[in-house]
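Me: I'm new to this one and would like to go through it with you. Could you show it to me, so that I can ask how the descriptions are arrived at?

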Amino acid sequence: MGKKVIVAKPGLDGHDRQAKVIARVLKDNGYDVVYTGIRQTPSQIAQTVLQESADVVVLNNLSGAHLELFPETVRKIKELGISPLMIGTGVIPAEDQEQLLNNGLDVVFGPGTPPQKIVEAIKEWENTTH
Amino acid sequence: MGIEEGKGKWSELYTKHIQKHAERQKVFALDSGLVLDPVYDPTNTKTDYESDLSWPGMYPFTRGVQPNMYRGRFWTMRQYAGFGTAKETNERFKYLLEQGQTGLSVAFDLPTQIGYDSDHELSLGEVGKVGVAIDTVEDMHALFDGIDLSKVSTSMTINAPGAVLLAMYIVVGEETGLDRKVLSGTIQNDILKEYVARGTYIFPPKPSLRLIADTIEFCAKEMPKWNPISISGYHIREAGANAIEEIAFTFANAKAYVDEVLKRSISVDDFAGQLSFFFASQNNLLEEVAKFRAARRLWAKIMKNEYGAQSDKAMMLRFHTQTAGSTLTAQQPLNNIIRVTIQALSAVLGGTQSLHTNSYDEALSLPTEEAVKVALRTQQIIAYESGVADTVDPLGGSYVIEHLTDDLEKEIEKELDAINKMGGAVAAIESGYMQKRIAESAYKYYKGVADGEKVIVGVNKFQEPQEDQSFRVLRVDPKIREEQIQAIKNVKAKRNNDKAEKSLDLLNKAAKDENENLMPLIIDAVKNRCTLGEIMDTLRDVFGEYRPPVVF
Amino acid sequence: MGKYNALINGVKKGSQAAIAQSISIIEKNDDDRLELIKALYSEESCNTPLIGLTGFGGAGKSSLVGALAEVLLKQDKKVGIMAVDPTSPKSGGSLLGDRIRLQYLFPNNKLFFRSFANKGALGGLSPILMESVKVLEVAGFNYIFLETVGIGQSEVDITHFADVVVLVMSPGLGDEIQFLKGGIMEIADVLVMNKMDMPNANISLAALEAYSRLLDQPPTVVPVSVIARQNIDLLLKTIDEVYENKRSTGYVEKLRMERSNALYQAWVMQMLRPIVDQRYTSEEIPYVAAKSIADRMRRCIDDR
């Protein structure tokens, strides 16, 4: 049984090329991937993660709203009593990456990260903890 | 020695040569799938000079839409800008004009683009982020404060609420003493590509098309210098489409708009001249130059043969070009300056009417002032130093360019036919066809890079181990949302609420009647200080909201 | 009671966390599930109508389920939706995209949506799916929708066991002919021609009505437009009527028996397979080896 991954786009950003490529790469690596589509609120994402019993959540945002939206999404998810692996991706400058890691994200990738790195991060997490 | 004989001799020589020294690649293919021969010659193209190429400014405009192109005036150098509040963006505009920029281009934040006021729940974290926040006409006044709107042309990247932003621009003009007739500029107003690639849609296709036709009809009658739509392949390309799909999908969308306007009692020659286009320019210079030329020729044929256009203006493909943000790399960002230069050069060699050059730091954040300046200087160097602007269509007649122009035109036509058979652009979008094609191309591109077949300098070849990413990043103050919310409160407190409500009521009623043009009512609502969100909510109530199909 | 006492209580209270966790345990094919299954089946569950929706990709099934759910939620009903997507045979992974069309209904505590990857279950009937239905029944849902993509393979069997089978089509694609040929129309209770807002949809509707009359027990044809929100209520009413009719004639009861029997068979096949798989060596004649092991098993079972 492959792990279940939610690829989610919080916020109003409608550019989903990256999110879709990430979803496909994860599928090609044997994961069951649920894509939420664009324009999701943190609460919508949290309920999705709960209902799908997701093991991993990949958030993607390209509009620069990650500092507000990512921690808020993590908060909503934790409120429901679950704690999947939280990965943040998008146009995230180095200094923000630190801040996100301190605010509930487990892994954060900046711009230009190949999707394969996300697969590696999940695999590493599976090997060490699950 | 005749050409055929010579070619035979070369062919022998070539075969012998590559047996000894293998070529770098088995196949030299473009991203669009076309394959390049080792060399081109006059036998490769069946182009008839008079009918296929003709002269600049003459049908089918393959060589350009003006008789002398850039010998008269350079293309408009138009850098897309906007962030934070209207006041901050206004300062950036003034800076750019001082630096020699010749047109303005406004980027709006996402709440504005999706028709939410800054105080809406969904605006959290987004206010002022990817562009300027506009809630009321007062913001619009601040945005253009001290800029003479009769002297500058303004392009606005706004789609679903395009009619409202145009109305705000008109009202700002009128409240500063300018007749709407003298205003020149463009609203993007291209909803179909939002469904396909960019995602800032609000309403379903049918009412969206009606609203767009309303603006086109309104401008045809009242704003001769305004382009009421900029039909955009740019975002389609950026989302992953190849060059053929970019043009084919754009033209399919364009035809849907033309068809919609033609349902009204207005002739194609009355409005087609005000249609403008917007394309991307990527790294392959030959493919891009040929693409622009092929697009110009094909559009002229479509307008003439399919729509019976009579005036030259209605057949001319006039377009804005932007260099391709998706090709910029976060790694070794200074390399992006070179990429942008090549792409900008393609656009100029392809005969663009205006150009935005991306800033080298865009893969990392909003561009800093320094990076914007280098981008603008890139255009100025091409214009003043390279010499390519001094004669028209300098690559015309090149064997490979003419060959690629022919081939691309054929392939684009094929794709257009396929979409026609599906029932046109709207059907192809609702079924997810275009989205599917784009996602496939994007994935193919990704695989090519991941497998190393496609070389990206600094990314999968010539990488640097320890990369220093410590450079200046432009930040938007999160307090901007509070400021905007306060500003909305002020406007609402000062306005005549009865008048505002009444204009929204009238708009609601008119929206239910398909025969009514909504532009005048939207202008009234704007004048009465209704907010963008209020106006869009009024229309949401009548039109409903679009839900996308599931496509990977 | 057992270790799943609290969890089952949560399910009964309709806790989404408890429902999701139960389904996860059911999905993981380990020893834990036995205890949970026992606990689940010892609970009384209401007979929730199980509605199977199927049709080709692009017919608009997800949007239709969304529109139906929207109406039911307004009536304060609890709606469960299970969507099945195929698994890539190459990687074993899957892309589950059916949620996208319904995300706008969330957050909502009366709506539960779960995506399933069809891992090519034996005999077409996925035990995991049927047992997840049980979870939603115990949780007191008023309607359960089962949405499957594609026709012609295992999905037919899944829909075969639904109380009401709805076949969704869209105009102009010749879906109706494919369904008629495939014999799928015969198992449908309701035929939906979706996207009636499209040009020439009436032609497709007329063709569908003509085809449906060729069947021994002609299903009800309902023209629908999800975009225009047209006839959603009518479709819901039709589904209710079909269900009520089947219930009052004892057919629903019979279906449930068949479902249990099929579930039993599916499990037996699934559990026996690894046992028999390992016993085959390449020197043996396949048929002879299979017959010999089947005989041995029969003797073993009969001895008891």
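Reply: Sure! Keep in mind that this is a predicted model. A good place to start is a pair in chain A: strand β3 (residues 56-61) and strand β4 (residues 85-90) run parallel to each other, joined over six bridges.

Me: What makes β3 and β4 of chain A a pair?

Reply: Two strands count as paired if there are at least two bridges between them. These two have six bridges, in the parallel sense. To see one spot, look at A:Val58, which stands opposite A:Ile87 in β4(A).

Me: And what packs on that sheet in chain A?

Reply: Helix α2 (residues 42-52) of chain A does, touching β1, β2 and β3 of chain A, and its direction makes about 165 degrees with that of β1(A). Helix α1 (residues 17-28) of chain A lies across β1 (4-8), β2 (32-35), β3 and β4 of that chain, together with β3 of chain C, at about 160 degrees to β2(A).

Me: Chain C? In what order do the strands of that sheet come?

Reply: The six strands go β5(A)-β4(A)-β3(A)-β1(A)-β2(A)-β3(C), with parallel pairing in an open sheet.

Me: Why are β5 of chain A and β3 of chain C called edge strands?

Reply: Each of them, β5 (107-108) of chain A and β3 (94-96) of chain C, pairs on one side only.

Me: Over to chain B: how many strands are in its open sheet?

Reply: Nine, in parallel pairing, ordered β5-β4-β3-β2-β1-β9-β8-β7-β6. The edges are β5 (226-227) and β6 (229-232) of chain B; each has a single partner strand, so one side of each has no neighbour in the sheet.

Me: How do you know that β7 and β8 of chain B are paired?

Reply: Again the cut-off is at least two bridges, and β7 (residues 275-281) and β8 (residues 319-323) of chain B share five, in the parallel sense. In one of them, B:Phe277 has B:Phe319 of β8(B) as its bridge partner.

Me: Which helix lies across β1 and β2 of chain B?

Reply: Helix α3 (residues 86-98) of chain B lies across β1 (76-81) and β2 (103-107), running at about 155 degrees to β1(B). In total, chain B has 22 helices and nine strands.

Me: Why is chain B called as compact as a globular protein of its length?

Reply: Its radius of gyration is 24 Å, and the globule rule gives 24 Å for 552 residues, so chain B fits that description.

Me: What share of chain B is buried?

Reply: Buried residues make up 51% of its 552 residues. To earn that label, a residue needs 20 or more other C-beta atoms within 10 Å of its own.

How values were computed
Residues are numbered from 1 along each chain as its sequence is written. Chains are lettered from A and ligands numbered from 1 in the order in which they are written. This is a predicted model: local features need pLDDT of at least 70, side-chain atom pairs count only at pLDDT 80 or more; totals for chains, interfaces and linings use all residues. Helices (H or I, at least four residues) and strands (E, at least two) are DSSP runs, numbered from the N terminus. Two residues are in contact if their C-beta atoms, placed from the backbone, lie within 7 Å. Axes are lines fitted to C-alpha atoms, for helices over the stretch in contact, and angles run from 0 to 180 degrees between N-to-C directions. The radius of gyration is taken over C-alpha atoms; the globule rule is 2.2 Å times the number of residues to the power 0.38. A residue is buried if 20 or more other C-beta atoms lie within 10 Å of its own, exposed if 12 or fewer, and partly exposed in between; C-beta atoms are placed from the backbone.
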